[in-house]
Amino acid sequence: SNTAKKNADGALEIGGVELRDLVAEHGSPAYVLDEDDFRTRARAFRRAFKDMDVYYAGKAFLCTTVVRWVMEEGLNLDICSGGELAVALRAGADPSRLGFHGNNKSEQELARALDAGVGRIIVDSLFEIDRLVALAAERGVVAPVMVRVTAGVEAHTHEYIATAHEDQKFGFSITSGAAFEAVAKVNQAAELRLLGLHSHIGSQIFDTSGFELAAKRLIALHARVSDELGVDMPELDLGGGFGIAYTTQDDPADPAQLATEMGKIVEHECRAYGVEVPRVSIEPGRAIVGPAVCTVYSVGTVKEVALDAGASRTYVSVDGGMSDNIRTALYDADYSCTLANRSSDATPTLARVVGKHCESGDIVVKDEFLPSDVTPGDLVAVPGTGAYCRSMASNYNHVPRPPVIAVKDGRTRVVVRRETEDDLLLLDMGAE
Ligand code: LLP
């Protein structure tokens, strides 16, 4: 994060708080959320995309405090479940600034969204369109709708998080004509107000050509709708997916540059088709919250494992693991880490940071050079864990989930408390 620095004695400090003090007070592991960093990134997107709307994608990380920050910084919020809607409403979010996603929203979820006055519902199937028509009719309201389309783009990212190729569950295909039919269906329903098209090509994307291609295909469809149905849709959403640097090898695009490029393409294409330029929105999640959090762990054991040809690997076991960060195991994600409580002149040796769970795939950081004198009691910090770590955390092995501690100006504030064993037993109805 922006405020991270190492003090003279090697102690890592974030938001003016030394991590060893934070751990002494709040325990480990902990997600450390840098408020200034989060707000700076949110603001950077807001400024860069000044003629557009920026929806923070809550799936990356959500709690009421973050909803509050998002609203204060002038961003809107993308939610994709009744649970995320509940967090947003609990935080006092303006419902008209919410966008509701999902390929299988339940009737109850759609009803709650309508009752709350959610600003846009992104529909993803013909069944959903029918459901929404019925629910809106029952209530005598008109539902604001965007249509999720599949742009048919091969995004260069992990297969599980790419979403614009044809053979996956999201959206209506442009190529097959399904997208046009869905738009026509929404357009002729009196209970629905057609806002525009929506596409999200995938996540952790560096190559901006995917966005360009998606924008071009969306505007071609947008123009066809204008031409054949006689409606000029007022909005266009290009989704999220902007990549961040997890290791020094990654080179992410800067929001301002992205904004300029996207704006130019949309304008150019609209002019070429002779249609009015719709209001564009984007939905970054990772690029805002990812770098704003680091996870701090305590080292519990260190083990030297002999490899072939005389080589060896140091396994550093920490007090969390795949339950607080599944991304390494699930997507083969790369993270880095650093010794956070002291400096060391010991030789850097190749280490693997692993968790405490009962499987060998429980790896947090695959390869990192750590000083050879790393020992139980040391703290290891893993940066860049703001996105899809707490939000995808589990209780595997009945391990309680770590707290989220916000830091700012030398002070800490628990924004999500640590889970307790009582929390874990809360749902267990007890043995007879
Ligand atoms: N909009 C839509 C419709 C999305 O589906 C997503 C992410 C976003 C926006 C935000 O994407 P972002 O800017 O955060 O990349 N769990 C995976 C990522 C899944 C992304 C799902 N959709 C991971 O840990 O990499």
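## Gly-241 and its surroundings

Leaving aside neighbours within four places in sequence, Gly-241 is in contact with His-200, Ile-201, Gly-202, Ser-203, Gln-204 and Ile-205. These contacts belong to a predicted model. Gly-241 is placed in the loop between strand S12 (235-237) and helix H9 (255-273). Because 28 other C-beta atoms lie within 10 Å, Gly-241 is buried.

The model scores ipTM 0.99 and pTM 0.97. The average pLDDT of the protein is 95, and 100% of the residues score at least 70.

## The annotated binding site

Gly-241 is one of the positions that UniProt, in an unreviewed entry, lists under "binding site". The other positions in that annotation are Glu-283, Pro-284, Gly-285, Arg-286 and Tyr-388.

Glu-283 is found in the loop between strand S13 (279-282) and H10. With 27 other C-beta atoms within 10 Å, Glu-283 is buried. Not counting residues up to four places away in sequence, Glu-283 touches Tyr-55, Ala-57, Asp-78, His-200, Asp-237, Gly-239 and Gly-240. His-200 is thus named among the contacts of Gly-241 and among those of Glu-283.

## The shell around the ligand

There are 22 residues around the ligand, and those that come nearest are Ala-57, Ser-203, Gly-240, Gly-285 and Tyr-388. Gly-285 and Tyr-388 also appear in the "binding site" annotation of the unreviewed UniProt entry. Ser-203 is among the contacts of Gly-241, while Ala-57 and Gly-240 are among those of Glu-283.

Helix H10 (286-289) and helix H11 (327-331) each supply at least two residues of this shell. By residue class, the shell divides into 9 nonpolar, 8 polar and 5 charged residues. Domain 1 (5-32 + 292-420) and domain 2 (35-290) both give residues to the shell, so the ligand lies between the two domains.

## Two domains and their contact

The protein is divided into domain 1, which covers 5-32 + 292-420, and domain 2, which covers 35-290. Their C-alpha centres lie 33 Å apart. Where the domains meet, 20 residues of domain 1 are in contact with 20 residues of domain 2.

On the side of domain 1 that touches domain 2, strand S20 (404-408) and strand S21 (411-416) each supply at least two residues. S20 gives the most to this side, with 4 residues. The residues of this side of domain 1 divide into 12 nonpolar, 5 polar and 3 charged.

## The annotated active site

The "active site" annotation in the unreviewed UniProt entry covers Cys-358. Cys-358 lies in the loop between strand S17 (348-354) and strand S18 (363-371). Is Cys-358 buried or exposed? Cys-358 counts as exposed because it has 9 C-beta neighbours inside 10 Å, and a residue is exposed if 12 or fewer lie within that distance.

## Thr-163

Thr-163 is placed in the loop between strand S9 (143-150) and strand S10 (172-173). With 22 other C-beta atoms within 10 Å, Thr-163 is buried, since the cut-off for a buried residue is 20 or more. Not counting residues up to four places away in sequence, Thr-163 touches Gln-168, Phe-170, His-200, Ile-201 and Gly-202. His-200, Ile-201 and Gly-202 are also among the contacts of Gly-241.

Thr-163 and Glu-269 are 106 residues apart along the chain, and their C-alpha atoms are separated by 23 Å.

Definitions and conventions
Residues are numbered from 1 along each chain as its sequence is written. This is a predicted model: local features need pLDDT of at least 70, side-chain atom pairs count only at pLDDT 80 or more; totals for chains, interfaces and linings use all residues. pLDDT is the predictor's confidence in each residue, from 0 to 100. A residue is near a molecule or strand if its C-beta atom, placed from the backbone, lies within 6 Å of it. Ala, Val, Leu, Ile, Met, Phe, Trp, Tyr, Cys and Pro count as nonpolar, Asp, Glu, Lys and Arg as charged, and the others, Gly among them, as polar. Domain bounds come from an automatic or database domain assignment. UniProt positions are given in the numbering used here, feature names are shortened, and annotations may be inferred rather than shown by experiment. Two residues are in contact if their C-beta atoms, placed from the backbone, lie within 7 Å.
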